[in-house]
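This report describes selected features of one structural model, and it gives the cut-offs behind each term where that term is used.

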Amino acid sequence: MLKTLRADFSIIFDRDPAARNWLEVLFCYPGLQALVLHRLAHWLYVLGLPFIPRLISHIARFLTGIEIHPGATIGKSVFIDHGMGVVIGETAIIGDFALIYQGVTLGGTGKQSGKRHPTVGENVVVGAGAKVLGNLQIGNNVRIGAGSVVLRDVPSDCTVVGIPGRIVYRSGVRVNPLEHGSLPDSEAVVIRSLLDRIESLEQQVKSLLPQASVSLTSVPNSPSGFPTLNQTSNVAVAEKTQLAVATTCQLKDKAIQEFFDGTGI
């Protein structure tokens with residue numbers, strides 16, 4: 001346990017540029033204090049000691065604003081930055097070198113027993129206010145954007161943003177783990193694509209309307225009751241208009257389709 005606590009202490013200097021000296025980190029970092037108390041509570045919880053682990057967890061919540069159930073399993077070199085409002089459930093598992101910001105919830109979605117909280121891999125960054133709910137598998141090197149709500153498994157080396165969380169980036173480029181707010185806006189991309197599509201449809205409709213207007217006004221109705229040539233032409237134009245609209249509205253843009261499909265989630 002002592003080796004793990006030393007790793008929790010040293011990782012703060014790597015992850016937080018505001019960390020200046022060991023005394024300040026030891027006494028003024030609630031994330032470290034919450035982890036120290038949790039590791040004690042977890043050790044007693046594994047031994048099967050009743051009440052005391054939950055009491056330690058409650059005291060840690062009162063002192064730091066961070067609530068970690070003593071049953072949660074947390075790896076080494078985990079950094080909870082600021083930490084106010086962080087909630088980690090009983091069956092949650094957090095891998096080594098994870099970075100968790102304030103307001104994060106690793107929670108369950110029901111009253112079922114057994115494994116009901118997320119399993120988070122190594123080198124994962126969970127942005128401020130993000131919620132990961134249910135018995136999910138979050139792979140290694142995943143970034144979860146601030147304010148995201150993750151409801152499905154996420155493979156390794158991915159970036160997830162939005163409500164519900166969607167994969168917007170896969171492996172290929174190394175990123176700074178501290179930049180959890182500098183993430184793509186998938187909703188904005190899809191809205192922009194939809195607006196472009198609407199503008200294109202409006203231009204097509206405008207180009208077809210004059211043809212339909214000429215067909216309607218050029219020749220009067222036939223006295224025999226049968227449609228005239230121009231009326232038949234007008235029907236053909238209307239059918240072409242409907243076909244053009246139907247063909248254009250299939251929404252085959254890559255960004256839109258990936259948004260609707262969850263891009264793999």
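Helices (H or I, at least four residues) and strands (E, at least two) are taken as DSSP runs, numbered from the N terminus. The model is a predicted one, in which local features need pLDDT of at least 70 and side-chain atom pairs count only at pLDDT 80 or more, while totals for chains, interfaces and linings use all residues. Residues are numbered from 1 along each chain as its sequence is written, and side-chain values use heavy atoms, with hydrogens and water left out.

Ile-59 lies in helix H4, which covers residues 52–64, and it is partly exposed at a relative accessible area of 40% (buried means under 20%, exposed over 50%, and partly exposed in between, with a 1.4 Å probe and protein chains only). Together with Leu-49, Phe-51, Ile-52, Leu-55, Phe-62 and Leu-63, Ile-59 forms a nonpolar surface patch with about 720 Å² of accessible area. Such patches are made of residues with over 30% relative accessible area and no salt bridge, nonpolar side chains being joined within 5 Å and like charges within 9 Å; a salt bridge is a side-chain nitrogen of Lys or Arg within 4 Å of a carboxyl oxygen of Asp or Glu.

Helix H4 and helix H3 (30–46) each supply at least two residues to the lining of the largest cavity, which holds about 30 Å³ of space and is lined by Ala-34, His-38, Ser-57, Ala-60, Ile-66 and Ile-68. A cavity here is a set of points on a 1 Å grid where a 1.4 Å probe fits but cannot get out, and lining residues have an atom within 4 Å of a point.

The strands E3-E6-E9-E12-E14-E15, in that order, make an open sheet of six strands with mixed pairing. Strand E3 (79–80) and strand E15 (166–169) are the edge strands, each having a single partner, so one side of each lacks a neighbour in the sheet. Pairing requires at least two DSSP bridges between two strands; E6 (residues 99–100) and E9 (residues 125–126) run parallel and are joined by two bridges, with Ile-100 having Val-126 as its bridge partner in E9.

Two asparagines have positive phi values, and their loops and accessible areas are listed below.

| Residue | Phi | Loop | Relative accessible area |
|---|---|---|---|
| Asn-123 | near 60° | between E8 (119–120) and E9 | 34%, partly exposed |
| Asn-141 | near 60° | between E11 (137–138) and E12 (143–144) | 37%, partly exposed |

Finally, Ile-163 and Pro-164 are joined by a cis peptide bond with omega about -10°, and Pro-164 is placed in the loop between strand E14 (159–161) and E15.

Notes
Accessible areas come from the Shrake-Rupley method with a 1.4 Å probe; for residues, only the protein chains shown count as cover. On a 1 Å grid over the protein atoms alone, a cavity is a set of points where a 1.4 Å probe fits but cannot get out, and a pocket is an open set with protein on both sides within 12 Å along at least five of seven lines; lining residues have an atom within 4 Å of a point. Grid points are joined across faces, edges and corners, and a volume is the space filled by probe spheres set on the points.
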